[in-house]
Amino acid sequence: MIFEPRDVFNKLEFDKVLDLLEKEAMTPMAAERLRALTPSTSFGQIDTWLRETREFKLTLEKNDRFPLETYSDIRPDLRMLAIAEYTLPVEAFQNILRILLVVRDVVRFFSSVKREIYPKMYDNIRHLTFDEDLIRAITAVFDEKGEVRADASPDLVRIRREMQHKMRELDQRFRQIIQEYRTKGWLSDTPESFRNGRRVLSVPAEHKRKIRGIIHDESDTGRTVFIEPEPVIDINNDIFDLEGEERREIFRILKRLSETIRPYGPLLGQYQEALVALEVVQAKARLAMSMRAGMPVLKEKPLIGIRKGYHPLLFLKNKVLGRKTVPFELRLHAESHILVLSGPNAGGKSVAMKSVGLLQLMVQSGLLVPVHELSEFGIFERVFADIGDQQSLDDDLSTYSSRLQNARVFLEKATPKTLVLIDEMGSGTDPKPGGAIAESILQGLYRKGVFAVVTTHYSNLKVFAFRNEGILNGNMHFDKDTLSPTYELKVGRPGSSYAFEIAAKSGLPRSIIDHARKRTGSETAVDDILIELQREKQELEETLRAVQAKEQSLERLIKTYDSLHHDVEVKRKRLKLDQKEFELRMSANTSREVDKLVRQLKEEKNLERVQQVAQQLKQERTEKARQVDDINADVLKLEEKSGPVVVRPFQVGDHARLRAGGATGRIETLKGSKAQLSMGGITVTVHTRDLLPVAPPAVQPVSAIGADIQQAAAFESKIDIRGMGPDEALLVLEKFVDNSLLSNAAVLRILHGKGVGVLRRVVKGKLREYGGNIARVYHPEPDQGGDGVTIVELA
């Protein structure tokens, strides 16, 4: 990401957020990583960061303790271990063992269930292999206190056994000597001590010639001499030799252990890297908990859709002081991508503008932000900010010159994927030329297609925003009755500075304020007229949107009615067709009765009556056949109205469906316009116009069919998310809907409860992501759960 100027982090106070993150770190390695945190422009990277932080935050909310403990940096030890024949010191092995134990606990945490609940967190160690052989190798040498075990090797067992024997012998001999010399009065009140690693007697200086031995030291006053008595010198020498032998044996043990661990050096480095990565995620999650932050909806294209957003640092400050922080809402997109924010001084313009920039930097750094979970954030490649006094004595720049220099850089480097933040645009020089230059700069940024939030008091910038599509006016609401700011961001209308009202409240004489009003003349009138015009324009736009929404709804209703009417007409014609075909078949079934009547008439030799009955029967059958053809033609016309379908001519082997009845079969032969259709064990001859092409039936392997049946049978179409937090509910709900689609479920029932509606909004927001896979979402009748239950019909 590109920043202009380079101190954007400081201007937007992102460095203070990094300070808070650094305090949440447990180790210097994680603190260093957090201090170096910078925003990314990769959608996949940002999405991964946000999701793993949301998952870790979920562990904190559920008190699902993650076993991440403190550990030391082993990178210097690993660099030395890479040198052949190098032997690690005892402290290095303790540090390595600590990391191995923490990694083991982390691996155990991610059981099969936890891997599904926290998949992004698990990705940090998914690629690692872990074997407890290294832990066993180190614990075979060191005990729980970090000291070399007595049984680390057979030689060490022997040496320490001999040392214990010599120590007992020394202790016994020393007690005898002390008893002997004490009765003679040759020892001090404290008869023994240690000097130079040797056990010695404390002897008054006047008796030092009476005791044979080696003088190791004397007191500062010279009154006490420390003597190693001659009878224990050989024993002490033996102990000294055994201690040297012990040190050499321990070095050999550590050398063998170093050789055992040396091949695992790169893997140990990966272990530490994974722990640092997880600790960084933990710090982000802890900060999110203190900010009551959540994960917004991430978009690949530049977009700002903040709902109930807070300035993170202001929220934390007010939280400590017990004050309320006022949230704000702002939406900038390709059609409306610049906000001109106006209003009185100390009304919160700069805070709102800096909030937009700080929240954007936090999101692109993988930090959860204090906004509503349905807020949307796109990805910007550049962030430019002109905030505060940038006067420079070194560069010989005044405040206004530095602003112009920033504007030049912004115009040169800005792209449609740039976020520009400018505070008090145009200030620092004479208002008229300053306002004109500011308007030209704003026009240049507008043509560049940048996303921008600028604050100003200039009326010409408000007018420019009013006249240009894609630029929004906004104001920080001011209570005229109390003459105090409410810190509420209102998008759609410009704001007034309320200079005269604030001046009156401050106690300026009425005469001075009246004179000032006369001096400003039409300038303040322009502001008032613009505010009124913007209000009327906003009301008209809202009315127009409402009318358009109603027109769209009416159009959908008309289309639905036409479709339903068409379907009803087709069904009515088909019903009539079926009825006539039935009558035609029934007339054929009565042929035996007609034959009987004809024989009876012949016997009576009433030929005229026979001809009359035969003629009547023929006419009835012909009429019914004609009616069947007419109705069948009407059905064909109605089906053609539903949409033109290009169908290739039928071929032998094709599968087709009868228009009437819906039976499906395979075409065995074709003769002109006639086809023989095989349906199971029955073959019928039909006209090709009475057939509709269909796809051949799919043949599934038995194993696949069994798997589908098992999956469909195992899926439970109901879920209860009551009592869950928003983040946990999102994860559970996403898995539930995905499984329902895989299982070809038709209807889902989600029980979320009523409460204040948080989970209901979470459910609706999540279901929107599935778009065309969902046909309908609604609440059942009150006696079946009402607003506490959401029913989902899948497409």
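These are my notebook entries on what I looked up in this structure.

**Overall composition**

I began by noting that the model is a predicted one. I counted 25 helices and 24 strands in the protein, and I found that 41% of its 795 residues count as buried. For the contacts with a separation of 6 or more, I noted that residues 24 or more positions apart account for 69% of them.

**The seven-stranded sheet**

I traced an open sheet of seven strands, whose order is β1-β11-β12-β13-β9-β14-β15 and whose pairing is mixed. I looked for its edges and found β1 (2-4) and β15 (484-491) there; each has a single partner strand, so one side of each is without a neighbour in the sheet. From one strand to the next I recorded a twist that averages 15 degrees.

Within this sheet I followed the pairing of β9 (residues 338-342) with β13 (residues 451-455), where the two strands run parallel and are joined by four bridges. As one position to inspect I took Val-340, and I found that its bridge partner in β13 is Val-454.

I then looked at the helices that lie across these strands. Helix α15 (residues 399-413) lies across β1, β11 (382-386) and β12 (418-422), and I noted that it runs at about 160 degrees to β11. Helix α16 (residues 431-448) lies across β9, β12 and β14 (471-479), and its direction is at about 150 degrees to β9.

**An aromatic pair between sheet and helix, and another elsewhere**

I turned to the rings next, and the count came to 14 aromatic pairs. The pair of Phe-93 and Phe-142 is tilted, with 5.8 Å from centre to centre and 35 degrees between the planes. I placed Phe-93 in helix α6 (residues 90-109) and Phe-142 in the loop between α9 (133-139) and α10 (154-183), so this pair ties together parts that are 49 residues apart in sequence. I checked the accessibility of both residues, and I found Phe-93 buried and Phe-142 buried as well.

The pair of Phe-384 and Phe-410, in contrast, is stacked, with 5.1 Å centre to centre and 15 degrees between the planes. Phe-384 lies in strand β11 and Phe-410 in helix α15, so here the pair ties together parts that are 26 residues apart in sequence. I noted that Phe-384 is buried and that Phe-410 is buried too.

**A ring cluster and two lysines**

I also found a cluster in which ring pairs link Phe-56, Phe-66, Phe-109, Phe-110, Tyr-118 and Tyr-122. Over the face of Phe-109, a member of that cluster, I located Lys-114, at 4.2 Å from the ring centre. In another entry of this kind I recorded Lys-284 over the face of Trp-49, at 4.9 Å from the ring centre.

**Helix α14**

I compared the span of helix α14 (residues 349-364) with expectation: its 16 residues reach 23 Å from the first C-alpha to the last, close to the 22 Å expected at 1.5 Å a residue. I found this helix mostly covered, with 14 of its 16 residues buried. After α14 comes Gly-366, and I noted that its phi is positive, near 80 degrees.

**Thr-260**

I looked up Thr-260 and found its place in helix α11 (residues 230-261). Is Thr-260 buried, exposed or partly exposed? Its relative accessibility is 39%, and because buried means under 20% and exposed means over 50%, I entered Thr-260 as partly exposed. I also recorded that Thr-260 and Leu-134, 126 residues apart in sequence, are 8.4 Å apart in space from C-alpha to C-alpha.

**The four-stranded sheet**

My last entries concern an open sheet of four strands, ordered β21-β22-β24-β23, in which the pairing is mixed. At its edges stand β21 (718-720) and β23 (774-778), each with a single partner strand, so one side of each is left without a neighbour in the sheet. I noted that neighbouring strands of this sheet are turned by 15 degrees against each other on average, direction ignored.

I examined the pairing of β23 with β24 (residues 789-794), and I found that these strands run antiparallel and are joined by four bridges. In this pairing I saw Val-777 standing opposite Val-792 in β24. Helix α25 (residues 758-768) packs on the sheet, where it touches β22 (747-751), β23 and β24, and I recorded that its direction makes about 10 degrees with that of β24.

Key:
Residues numbered from 1 in each chain as written. Predicted model: local features only at pLDDT ≥ 70, side-chain atom pairs only at ≥ 80, totals over all residues. Heavy atoms only, no water. Expected span 1.5 Å × (residues − 1). Buried < 20%, exposed > 50% of the residue type's maximum accessible area, 1.4 Å probe, protein only. Pairing = 2+ DSSP bridges. Axes fitted to C-alpha atoms, helices over the stretch in contact; angles between N-to-C directions. Contact = heavy atoms within 4.5 Å. Phe/Tyr/Trp six-rings, centres within 6.5 Å; stacked < 30°, edge-to-face > 60°. Lys NZ or Arg CZ within 6 Å of the ring centre and 35° of its normal.
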